[in-house]
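Open the model in your viewer and set it to cartoon. Keep a selection box ready; each stop below begins with something to pick.

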Amino acid sequence: MSKTPLDKQSRLLLLINGLFVLAGALSGTFLNVFLWKSKQDFAMIGWFTISQQIGLVLTFWLAGKWVKEHNKMNALRLGILLSGVFYLLVLGLDKHAVDYIWPLGLLLGASLGLFWLAFNVVYFEVTDRDNRDLFNGWVGLIGSLVGIVGPWISGMIISLSVGNQGYQYIFMISMLVFGIGVVFSFFLKKRKAEGTYSWNEPVKQLSEKGSPWRWAAPALAAQGVREGVFSFLVNLLVYIATTQEAKLGQFYLITSLVALVSYRVVGKWYKPGYRYYGTLVGAALLFLFTLPLLWTVSYGTLLLQGVGSAIFMPLYILPMISSVFDLMGTSGENVSKRVELVVLREICLTIGRVVGIVIFIVVLEINQSTQTITWLMIILGLSPVLSWFMIRRLLQAQPVNKSSAK
């Protein structure tokens, strides 16, 4: 366990993160199902997800100047507010939301970009190498906890309501939770702005010979390949297999309960020295738990895949996050460029997500059979192993200069 405890600001940041994730769990879990019920089109859902990624990465890059040179807390608050606006628009458009996939996706992506850019920068500032795995463990733990409560409650509300009335209720509840998050954000300290934003820093880092980002960038892209498709496909498949929102809520209740325990255990146990083999084991087992889908795509096999992912995702994802953020603290110069490096990290992830989704759309344009979807999941599910292979050098415990590093 980390010897460095989390301070009051770290705990407050965890609370705000929890509220933001709770609002997303209440509505975001069923957002694609809501769209699917209006138009049964995998490509439409794929393009909606791509529009989110484009909005997110552009916001990361453009808002980086604001976050570095001005008030990052306002960027975080605006991200939460825009998320509420997004669900307000979906409420108003109702079944016609499918006609506005691109503007809605760009808006949602912009809101996520503003929030997560500010969150990641503040997260770096309030943690260090000694307690970063602990903080990430708590992030996963809280995400699992709200994942137990949010989707299950939403699924029950939707199932007990008539027509789209249940969706209207959960979208309104999400807007309320976003509002509470904004209120708590005012208790975070206003953090000092430092330096001038460098627009081309991501290109500079990748073009520099011997830069560790040359290993981290492709690893992050490979990580994003699985994330991009699994983020929307798994819950859609559960709904298609069961045609019941309550079953989807039950699916997330079970998998999140398992993840709650897994993140708690791994978050307390993980040390930098365990990252190398822990990440490999996690990545390999994430892939292996997609193989039962070759037998049949049913609620049972999807639940088995979900439970397997919940158990082993922390082994893979926690060191991936921590090792990349550790790169930002290897020197005083890198610490001063933390905003640009957070932007670089997101650009790499987004490239991978978009590549994965484009592959998904192109393949399904040719063949939309269940077998094709299964093989896609299995092939794309190999990307975490590829990610480990690319970043393995950075997963070794590295000595840190305590006087200048974070």
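Helices here are DSSP runs of H or I with at least four residues, numbered from the N terminus. The model is a predicted one.

**Stop 1: the nonpolar patch**

Select Trp47, Ile54, Leu58, Trp61, Leu62, Trp102, Leu106 and Trp199, and show their side chains. Together they form a nonpolar patch on the surface, with about 730 Å² of accessible area. Which helices each supply at least two residues of the patch? They are α2 (42-69) and α4 (101-126). The most comes from α2, which gives 5 residues.

Now pick Trp102 alone. This residue lies in helix α4. Its relative accessible area is 39%, so Trp102 is partly exposed.

**Stop 2: Gln52**

Stay on helix α2 and select Gln52. Buried or exposed? Gln52 has a relative accessible area of 14%, and buried means under 20%. So Gln52 is buried. Leaving aside residues up to four places away in sequence, Gln52 touches Gly105, Leu108, Gly109 and Leu112. Show those four as sticks.

**Stop 3: helix α6**

Select residues 165-185, which make up helix α6. Put a distance between the end C-alpha atoms: they are 31 Å apart. At 1.5 Å a residue, the 21 residues should span 30 Å, so the two values agree.

Next, colour the buried residues of α6: Gly166, Tyr167, Ile170, Phe171, Ser174, Val177, Phe178, Gly181, Val182 and Ser185. Turn the view to look down the axis of α6. The buried residues fall within an arc of 160°, so they line one face of the helix. The spacing has a general background: an α-helix has 3.6 residues a turn, so residues three or four places apart point the same way.

What covers the buried residues of α6? Show α1 (8-38), α3 (72-93), α5 (132-160) and α9 (245-269), which are among the covering elements.

**Stop 4: salt bridges**

Side chains of opposite charge can pair when their charged atoms come close. The structure holds 9 salt bridges. Three are worth a selection here.

Start with Glu245 and Lys37. Their closest N and O atoms are 2.9 Å apart. This pair links distant parts of the chain: Glu245 is in helix α9, Lys37 is in helix α1, and 208 residues separate them. Glu245 counts as buried at 8% relative accessibility. Lys37 counts as partly exposed at 37%.

Move to Glu125 and Lys72. This salt bridge has its closest N and O atoms 3.6 Å apart. Glu125 lies in helix α4 and Lys72 in helix α3, so the pair ties together parts that are 53 residues apart in sequence. Glu125 and Lys72 are buried. Add Arg338 to the selection: salt bridges that share partners join Lys72, Glu125 and Arg338 into one network.

Then select Glu346 and Arg353. Their side chains meet in a salt bridge, at 2.8 Å from N to O. Both residues are buried.

**Stop 5: Leu160**

Finish on Leu160, in helix α5. Why does Leu160 count as exposed? Its relative accessibility is 70%, and exposed means over 50%. Now add Ala246 and draw a C-alpha distance. The two C-alpha atoms are separated by 9.1 Å, while Leu160 and Ala246 are 86 residues apart along the chain.

Note on methods:
Residues are numbered from 1 along each chain as its sequence is written. This is a predicted model: local features need pLDDT of at least 70, side-chain atom pairs count only at pLDDT 80 or more; totals for chains, interfaces and linings use all residues. Side-chain values use heavy atoms; hydrogens and water are left out. Patches are made of residues with over 30% relative accessible area and no salt bridge: like charges are joined within 9 Å, nonpolar side chains (Val, Leu, Ile, Met, Phe, Trp, Tyr) within 5 Å. Accessible areas come from the Shrake-Rupley method with a 1.4 Å probe; for residues, only the protein chains shown count as cover. A salt bridge is a side-chain nitrogen of Lys or Arg within 4 Å of a carboxyl oxygen of Asp or Glu. Buried means under 20% relative accessible area, exposed over 50%, partly exposed in between (1.4 Å probe, protein chains only). Contact means heavy atoms within 4.5 Å. The expected span of a helix is 1.5 Å times one less than its number of residues. The arc is that of the directions from the helix axis to the C-beta atoms.
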